[in-house]
Amino acid sequence: MKHHSESNSITQVVTPLLPPPPPDCDYENTQQEDPIPQDGSISGAVFNISTTMVGAGIMSIPATMKVLGIIPGFLVIVLVALITDITVEFMLRCTSSGKSITYAGMVGESFGPLGSLAVKICVIITNLGVLIIYLIILGDVLCGNESKGITHLGILQEWFGIHWWTSRAFALLIVTLFIMLPLAMFRRVDSLRYSSAISIMLALVFVVICSSMAFYALWCGKTQSLRILPDFSKVTVLDLFTTVPVFVTGFGFHVNVHPIRAELGKPGDMNWAVRISLMISVAIYFAIGFFGYLLFGDSIMADMLVNFDHSSNTHAGRFLNDIVRLSYALHIALVYPIMNYSLRANIDELVFSNENRPALALDTPRFVSLTLSLQALTYLVAVAIPNIWYFFQFLGSTTIVCISFIFPASIILRDMHGISTRKDQVMAIVVLILAVGTSAIAIWSNFYSSTADQS
């Protein structure tokens, strides 16, 4: 082992000052060995990033078109995608200039232990809430729910009737044990590329079904009139801001930037993967928003699955409804592992950050116990408290803005590595103003609307 001291300019002797350590010595093991194989592919990174973005919020996009109109809706999608690209570039540049390979560590280099802790807490709150919401949605799709005194049957109950084995608890247990848990046991994020590819294909299936139904309705003259611009006789200016968190959440994949980048052979490939993924997500979001709004018009609901339920009066309608719901349920089940990956990593980094332990992927007892604990926790909460998603929806709309926009912009302004140009700092300030302003207005508007509804 040769040390840096071998380049001593005084003696010009290449003999090390200290003898090499014995083979069994673990001295500075974490610096000398890289436990993460760097053989990930760009295509795998594209699938994993795209799957992180195109999650459960895909069904909420058409409702934003009703509020914004087609043209402003498309512009907002593109704007949020551009800001996402800017903030991810900030993160990649800071990571390349620093020593940390995690999101929390990167922020910790600029803002110390408190900054690192803030990132971990935000990621844990966001991802844990997302995973619980995914399970709740799966339970609603498969086993139905009851809302405002109206019972909606799930796919299993429609097909087989109401039995104990079509109940929410049993159905979610089967999905968790035989789909989610095996995928969650993968120790490398690149190993999820195939399930992520299937997830994206299922999202495209939904786009094809929705667009086919819209074209058929257009041929029959049954399509709804489109709103090109906002109709301020029905919405207010504040209502426009309530749509922004939907898109911010949709493009929020920042928690998986570091795990995916760490497995790429060339870290520079991450820039290409990010931009390709953003283009795919923009295309999917706008296609679903446009065709969903064209198909259902102002009757579009916050969750478009409800509209498909109402339009399933014929055999063909019921068949398409079942396909849409099944593909959506499987899509959600395949998004779950990629979000679980970053949640598990941040919990491990929070709990074992000050201990001299091997990497999580190399410590089988720690990896398995943490994975099983997270699976059990999300399952139990989703079954026992299905209405908890309201709490996570409010809290997540705040933490996701911090993860996606506020933290990346802040590290550029802090500029601990001296890499920020004046243009970078101006863009970071603009991102901060937009993030804080739109988030505050959206939270206040949602709170005011919920208070008005209760009164």
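Arg 325 and Asp 322 are both buried. This is a predicted model, so please take every value as computed from predicted coordinates. The two side chains form a salt bridge, with the closest N and O atoms 3.3 Å apart. Both residues sit in helix 14, which runs from 315 to 351, and they are three residues apart, about one turn of the helix. An α-helix has 3.6 residues a turn, so residues three or four places apart point the same way. The pair also has company: Glu 158 joins Asp 322 and Arg 325 in a network of salt bridges.

A second pair to look at is Arg 366 and Asp 363. Their side chains meet in a salt bridge at 2.8 Å, N to O. Asp 363 is buried, and Arg 366 is buried as well.

How many salt bridges are there by this rule? The count is 11. One of them joins Arg 227 to Asp 298, at 2.9 Å from N to O. Arg 227 is in the loop between helix 8 (193-219) and helix 9 (237-241), while Asp 298 is in the loop between helix 12 (269-296) and helix 13 (304-310), so this pair ties together parts that are 71 residues apart in sequence. Is each partner buried or partly exposed? Arg 227 has 11% relative accessibility and counts as buried, because the cut-off for buried is under 20%. Asp 298, at 37%, counts as partly exposed.

Next, the cysteines. The structure holds zero disulfides. Cys 210 is buried, with a relative accessible area of 0%. Cys 220 is partly exposed, at 36%.

Now to helix 5, residues 103-143. What would a straight helix of 41 residues span? At 1.5 Å a residue it would span 60 Å, but helix 5 spans only 37 Å between its end C-alpha atoms. On the screen, go to Phe 111, where helix 5 bends by about 145°. A proline, Pro 113, follows within four residues of that point. At the N-terminal end, Thr 102 caps the helix, with a side-chain oxygen 3.0 Å from the backbone nitrogen of Gly 105. Just after the helix comes Gly 144, with a positive phi of about 80°. As for surroundings, 30 of the 41 residues of helix 5 are buried, so the helix is largely enclosed by the rest of the structure.

Helix 3, residues 61-68, can be described in a similar way. Seven of its eight residues are buried, so helix 3 is also largely enclosed by the rest of the structure. Which residues of helix 3 are buried? They are Ile 61, Pro 62, Ala 63, Thr 64, Met 65, Val 67 and Leu 68. After helix 3 comes Gly 69, and its phi is positive, near 95°.

The last item is another positive phi, this time in a residue other than glycine. Most residues other than glycine have a negative phi. Asp 415 has a phi near 50°. Where is Asp 415? It lies in the loop between helix 16 (389-414) and helix 17 (422-454).

Methods
Residues are numbered from 1 along each chain as its sequence is written. This is a predicted model: local features need pLDDT of at least 70, side-chain atom pairs count only at pLDDT 80 or more; totals for chains, interfaces and linings use all residues. Side-chain values use heavy atoms; hydrogens and water are left out. Helices (H or I, at least four residues) and strands (E, at least two) are DSSP runs, numbered from the N terminus. The expected span of a helix is 1.5 Å times one less than its number of residues. The bend at a residue is the angle between axes fitted to the seven residues ending there and the seven starting there. Buried means under 20% relative accessible area, exposed over 50%, partly exposed in between (1.4 Å probe, protein chains only). A polar contact is a pair of N or O atoms within 3.5 Å; within protein, one must be able to donate a hydrogen and the other to accept it, and residues adjacent in sequence count only if both atoms are side-chain atoms. A salt bridge is a side-chain nitrogen of Lys or Arg within 4 Å of a carboxyl oxygen of Asp or Glu. A disulfide is a pair of cysteine sulfur atoms within 2.5 Å.
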